[in-house]
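This report describes the internal cavities of one protein model and the surroundings of selected residues. The sequence and structure are shown first.

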Amino acid sequence: MKPKISARKAPAAGTDVRSRTIALLGDLAPAEGYNLTALPSVRILRSDRTLSRTPVLYDPGIVIVCQGRKRGYFGEQLYEYDEDHYLAVSVPVPFSMETDATRARPLLALYLHLDFTLAAELAAQIDREGIAVREAAPQSMMSTPMDARMQTSILRFLEAMSEPLEAAVLGHGLLRELYFRVLTGAQGGAMREALSMRGQFGRIGR
């Protein structure tokens, strides 16, 4: 008798993308703090409590909050990153941050440590195709609205991270898709300009 091969049960038709995303994040991040994933550059943050305004230093990366809310204060500027906005940081930025979360509704966020090699490769290809035009001034940190395509890409990525085989085979390609969404999003031009000003980015992109 042949052994049965288990397969992930597909979500029912009409399943809400956001609800499915939160459920997957909760499973992947059972412990408070940063939880590792199959990809070294990707971690999942879980916070079960509100955190008052605290000084932090963010390394270059992308923070995608899928439940809860964070607020960053940099000089006179306020950056909100929540279920409708993600935060992109192109250079190390010291600022202060506060978090809204409870045990019943924890903050769940995807943190991508910025891979400059991957970002440069994608930015160069985008430029060659002439898809995205740089219109915004470069910014070291920016909060960007979350659109439906970004939400769908996040869900696909988390579904793969939940399955060891898919994470190993598809993970890098789906991470590349997330980078593409950021670099061609509402503030993708500003992000690409900021990255291109870095000496390291310029050397890699040539």
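## Basis and terms

A residue is called buried when its relative accessible area is under 20%, exposed when that value is over 50%, and partly exposed in between. The model discussed here is predicted.

## A buried residue: Val89

Val89 has a relative accessibility of 1% and therefore counts as buried. The residue belongs to strand 7, which covers residues 85-89.

Setting aside residues up to four places away in sequence, Val89 is in contact with Tyr58, Asp59, Pro60, Gly61, Leu114, Ser140, Met141 and Met191. For one of these partners, Pro60, the C-alpha atom lies 4.9 Å from that of Val89, although 29 residues separate the two in sequence.

## A partly exposed residue: Leu170

Leu170 is placed in helix 4, residues 164-183. Its relative accessibility is 43%, so Leu170 counts as partly exposed, whereas Val89 counts as buried at 1%.

Between Leu170 and Phe157 the C-alpha separation is 8.6 Å, and the two residues are 13 residues apart along the chain.

## The largest cavity

Two cavities of 30 Å³ or more are counted in the model. The largest has a volume of about 100 Å³. Its lining consists of Val17, Arg18, Thr21, Ile22, Val65, Cys66, Glu83, Met146, Gln151 and Ile154. Three elements each give two or more residues to this lining: helix 1 (17-28), strand 4 (61-67) and helix 3 (148-161).

Helix 1 provides the largest share of the lining, with four residues. By class, the lining of the largest cavity comprises six nonpolar, two polar and two charged residues. Arg18 and Glu83 are among the lining residues, and both residue types are classed as charged.

## The second largest cavity

The second largest cavity encloses about 30 Å³ of space. Tyr34, Leu45, Tyr58, Val63, Lys70 and Tyr111 form its lining. Tyr58 also appears among the contacts of Val89, which links the description of this cavity lining to that of the buried residue in strand 7.

In the lining of the second largest cavity, five residues are nonpolar, none is polar and one is charged. For the largest cavity, the corresponding division is six nonpolar, two polar and two charged.

Terms used: Residues numbered from 1 in each chain as written. Predicted model: local features only at pLDDT ≥ 70, side-chain atom pairs only at ≥ 80, totals over all residues. Heavy atoms only, no water. 1 Å grid on protein atoms, 1.4 Å probe; cavity = no way out; pocket = protein on both sides within 12 Å on 5 of 7 lines; lining within 4 Å. Points joined across faces, edges and corners; volume = space filled by probe spheres on them. Buried < 20%, exposed > 50% of the residue type's maximum accessible area, 1.4 Å probe, protein only. Contact = heavy atoms within 4.5 Å.
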